[in-house]
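The following exercises are to be worked through with the sequence and the model in view. Each task is followed by a solution in steps.

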Amino acid sequence: KRNLTQAREQAKVYRQLLDEGIDPISHRQEIRHRNLAAQAQRRTFEQCAHEYHALHASGWKNRKHANQWLNTLTAYAFPIFGAKDVSDITKADVLRALEPIWTTKPETASRLRQRIRAVLDWAAARDYRTGHDPHLWDQISRSLPKTKDIKKVQHFAACPYLGMYAALQSIRNSNAGDTVKRAIEFTVLTATRSGEVRGATWPEIDFENRRWIIPAARMKAGREHRIPLSPRAIEILEAQRANSSDLVFASERNKPYSDMTFTMLLRRLGHEFTIHGFRSSFRDWAAEQTAFPREVCEAALAHSSGDATEAAYFRSDLFEKRRLLMEAWATHCATEKPVAQVVAIGAAR
């Protein structure tokens, strides 16, 4: 009886279609094609995240960052709504991922929100996500505490600038390999980041003009950075020229050292400060012990102006003025201070 009733209802529908000038068979085929197309468009959030990652990974600065991007979603988002159709993900789903770490891991939570948003917006642009609410992110922002109210800045412990000579002497006198000791001193003298030194290659070194040119691809800010080299920095490079590697400071395996190699040496020597903290040592010294303008000191650290208008007009990297600054810094690091003057001056900014 039920089959007969269904057949009558179906026949009624077909007659209505015929009355409207529509071929029932073509109509049924069209509906089937639509369903198949809709099925082909369906994606879970996890599938969208992997597609997005594959498309954009080549644009990230390095493989580590590309891996971190996906690892954050794997750890915090996928367990909650990774298997869910991307069209069905709601504000409640996103908040369930963010809230557990919003106050305990604010920086990670902020990155997680950015990455979830990137995937959902991309899915909407690809028509994988339907009914996308453009006000979703405003509502999520309003429902969570402001990160500036809960985020605490972590500072890198810095060596007091009056203790630079003693710190470098302890490194030189250690039983570490010569390349490691030279790399750390070169990092100090150039006020650069450890990764920039560990990845330095010989083509970047211009001995004739006594400068080191780090390409934009290896800089945190994505801009080429020219560094004037002091006489002592040149001496260190000359000592390394006997190495056959393309890397200036290559490990025994002909690969870049890990940052942990430098950190563990400082720990074995009993130092609490970090390699990165030497940049703050340099900045404190420049501010408190020299008359070099702030712009020169900031340029030495490859910091850009915080003012957009100023940055647009002020494009010089103050290279020759920075040469004088870096030579003065090298002299300071090579000058022994009376013990009474070597006092702690606080952690890095």
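**Exercise 1: The strands**

Strand 1 (residues 205-206) and strand 2 run antiparallel and are joined by two bridges. The model is predicted: local features need pLDDT of at least 70, side-chain atom pairs count only at pLDDT 80 or more, and totals for chains, interfaces and linings use all residues. Residues are numbered from 1 along each chain as its sequence is written, and side-chain values use heavy atoms, with hydrogens and water left out.

Task. Determine how strand 2 pairs with strand 3, and which residues lie on the covered face of strand 2.

Solution.
1. Strands (E, at least two residues) and helices (H or I, at least four) are DSSP runs, numbered from the N terminus. Two strands pair if DSSP finds at least two bridges between them.
2. In the hairpin of strand 1 and strand 2, four residues lie between the strands, and Arg210 takes a positive phi near 50°. Ile205 stands opposite Trp212 in strand 2.
3. Strand 2 and strand 3 pair over four bridges in the antiparallel sense. Here Ile214 stands opposite His225 in strand 3.
4. In a regular strand, side chains alternate between the two faces of the sheet. Strand 2 (residues 211-214) has Trp212 and Ile214 on its covered face, with Arg211 and Ile213 on the uncovered one.

**Exercise 2: His225**

Task. Decide whether His225 is buried or exposed, and state which residues are in contact with His225.

Solution.
1. His225 belongs to strand 3 (residues 225-228).
2. Buried means under 20% relative accessible area, exposed over 50%, and partly exposed in between (1.4 Å probe, protein chains only). Because its relative accessibility is 6%, His225 counts as buried.
3. Contact means heavy atoms within 4.5 Å. Neighbours within four places in sequence aside, the contacts of His225 include Trp212, Ile214, Met219 and Arg322.

**Exercise 3: A helix pair**

Task. Describe how helix 11 and helix 14 are arranged, and which residues make their contact.

Solution.
1. The axes of helix 11 (residues 178-190) and helix 14 (residues 259-268) come within 11 Å and cross at roughly 90°. Axes are lines fitted to C-alpha atoms, for helices over the stretch in contact, with angles from 0 to 180 degrees between N-to-C directions.
2. Helix 11 and helix 14 are therefore roughly perpendicular to each other (65 to 115 degrees).
3. Helix 11 contributes Val180, Ala183 and Ile184 to the contact, and helix 14 contributes Thr261, Phe262 and Leu265.

Methods. Angles under 35 degrees count as roughly parallel, over 145 as roughly antiparallel, 65 to 115 as roughly perpendicular and the rest as oblique.
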